[in-house]
Amino acid sequence: KTQLCLQLAVSSIAQNPDESVMYITSQSSFPSRRLLELARRFDSKQEAERTKDKTSDKIFRNVLLRHVATASELLLLFNSSGFSSLLNERGVSLVIVDSIAPMFQNSEDMLASSAADASTVRARARARVANAAQRAAIKHSLVVIFVNHVVAGAAASGSKRLVSGANDDLSPALGASWASGISSRISTRCNRSGDGTRFAQLSKSCLARAPGDRIALNICADRVVGIPAESHACASDYV
């Protein structure tokens with residue numbers, strides 16, 4: 001999922017050099033080396049011989065990195081005047097949040113004091129974050145992408161856990177209260193054959209179960225590239 005987001009960030013800036021991308025990460029580290037690898041694909045042969053002023057350097061500088069650990073911090077960022085000013089000053093056309101589920105897990109101040117109120121409080125917190133992102137997208141004419149996990153349900157206990165492997169009962173994390181605020185969903189899967197193939201599938205609604213358009217992807221040294229449908233197997237797992 002992060003590879004796709006890095007590719008989106010790089011491609012967006014390469015096509016619109018005067019614009020920027022804000023990348024908000026919940027992780028303590030950021031794959032800056034991988035970002036630069038993807039950006040170098042856009043260097044011309046003449047630029048490749050230079051040590052500075054390359055297209056890849058400009059792309060790298062226009063990715064605005066922010067570290068946000070909790071959903072509370074993310075909400076404060078979205079609602080701040082400084083955030084709005086930065087979007088305008090740097091011409092931000094794309095905001096990527098990678099990833100949203102850990103931010104809510106780390107937001108103890110958004111949790112209810114009693115178990116009876118927990119579900120309502122969490123649903124309202126998710127709605128506030130989604131609404132703030134929607135307002136920013138409309139006001140500044142930009143796209144906001146949230147990276148999310150999938151969860152495996154335990155039928156007996158009703159508990160759920162974040163997963164990154166195969167499971168027969170998987171759904172996006174954070175539930176319907178979060179999904180209802182998202183306009184489209186792209187789910188990714190790994191090929192069971194272990195050949196490195198990923199699949200990306202688009203759904204026009206996060207609440208819809210109907211399958212959308214599906215493409216196969218390979219993560220290469222310098223890009224994430226689509227591959228012909230007939231060249232891969234269909235069996236796959238969520239990632």
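Reader: Where is the place of S99?
Author: Happy to start there, with the reminder that this is a predicted model. A cis peptide bond joins D98 and S99, with omega at about 5°. As for its surroundings, S99 has its place in the loop between β3 and α7.

Reader: Thanks! What is the phi of S141, and is this residue buried or exposed?
Author: Phi of S141 is near 55°, a positive value in a residue other than glycine. Most residues other than glycine have a negative phi. S141 belongs to the loop between α8 and β4 (143-147). Exposed means over 50% relative accessible area, and S141 has 65%, so the word for S141 is exposed.

Reader: And L174, buried or exposed?
Author: L174 also comes with a positive phi, about 80°, although it is not a glycine. You will find L174 in the loop between β7 (170-172) and α9 (175-179). The limit for buried is under 20%; at a relative accessible area of 12%, L174 is therefore buried.

Reader: Let's turn to the helices. At what angle do helix α1 and helix α2 pack, and which word describes how they lie to each other?
Author: Two packed helices are described by the angle between their axes and the distance between the axes. For helix α1 (residues 2-15) and helix α2 (residues 32-39), the axes are 10 Å apart and the angle is about 50°. Angles under 35 degrees count as roughly parallel, and 65 to 115 as roughly perpendicular. The angle falls in neither range, so α1 and α2 are oblique to each other.

Reader: Which residues of α2 meet α1, and how many of the residues in the contact are nonpolar?
Author: The crossing of the two helices, α1 and α2, is right-handed. From α1 come Q3, L6, Q7 and V10, and they meet R34, L35, L38 and A39 in α2. Sorted by class, the contact has 1 charged residue, 2 polar ones and, to answer your count, 5 nonpolar.

Reader: Q7 caught my eye. Does it count as buried or exposed, and which residues is Q7 in contact with beyond its neighbours within four places in sequence?
Author: Q7 sits in helix α1. Its relative accessibility is 9%, which means that Q7 counts as buried. With its neighbours within four places in sequence left aside, the contacts of Q7 are L38, R41, R223 and V224.

Reader: Now the interior. Which helix gives the most to the largest nonpolar core?
Author: This core has 32 residues, and I24, L74, F78, V97, I100 and V129 touch the most other members. At least two residues each come from β1 (20-25), α5 (71-79), α6 (81-89), β3 (92-98), α7 (100-105) and α8 (115-140). With 7 residues, the helix that gives the most is α8.

Reader: Which residues does V97 touch, and how many residues are in the other core?
Author: Not counting residues up to four places away in sequence, V97 touches I24, L74, F78, M103, I145, F146 and V147. Another core lies apart from the largest one, with L6, A9, I13 and L94 among its members. The number of residues in that other core is 16.

Reader: To finish, what percentage of the residues of the chain count as buried?
Author: The chain has 9 helices and 12 strands. Among its contacts with a separation of 6 or more, 62% are between residues 24 or more positions apart. Of the 239 residues of the chain, the share that counts as buried is 41%.

Conventions: Residues are numbered from 1 along each chain as its sequence is written. This is a predicted model: local features need pLDDT of at least 70, side-chain atom pairs count only at pLDDT 80 or more; totals for chains, interfaces and linings use all residues. Side-chain values use heavy atoms; hydrogens and water are left out. A nonpolar core is a set of buried Ala, Val, Leu, Ile, Met, Phe, Trp, Tyr and Cys residues joined through side-chain atoms within 4.5 Å. Buried means under 20% relative accessible area, exposed over 50%, partly exposed in between (1.4 Å probe, protein chains only). Helices (H or I, at least four residues) and strands (E, at least two) are DSSP runs, numbered from the N terminus. Contact means heavy atoms within 4.5 Å. Axes are lines fitted to C-alpha atoms, for helices over the stretch in contact, and angles run from 0 to 180 degrees between N-to-C directions. Angles under 35 degrees count as roughly parallel, over 145 as roughly antiparallel, 65 to 115 as roughly perpendicular and the rest as oblique. A crossing is left-handed if the near helix is turned anticlockwise from the far one by less than a right angle, and right-handed if clockwise. Ala, Val, Leu, Ile, Met, Phe, Trp, Tyr, Cys and Pro count as nonpolar, Asp, Glu, Lys and Arg as charged, and the others, Gly among them, as polar.
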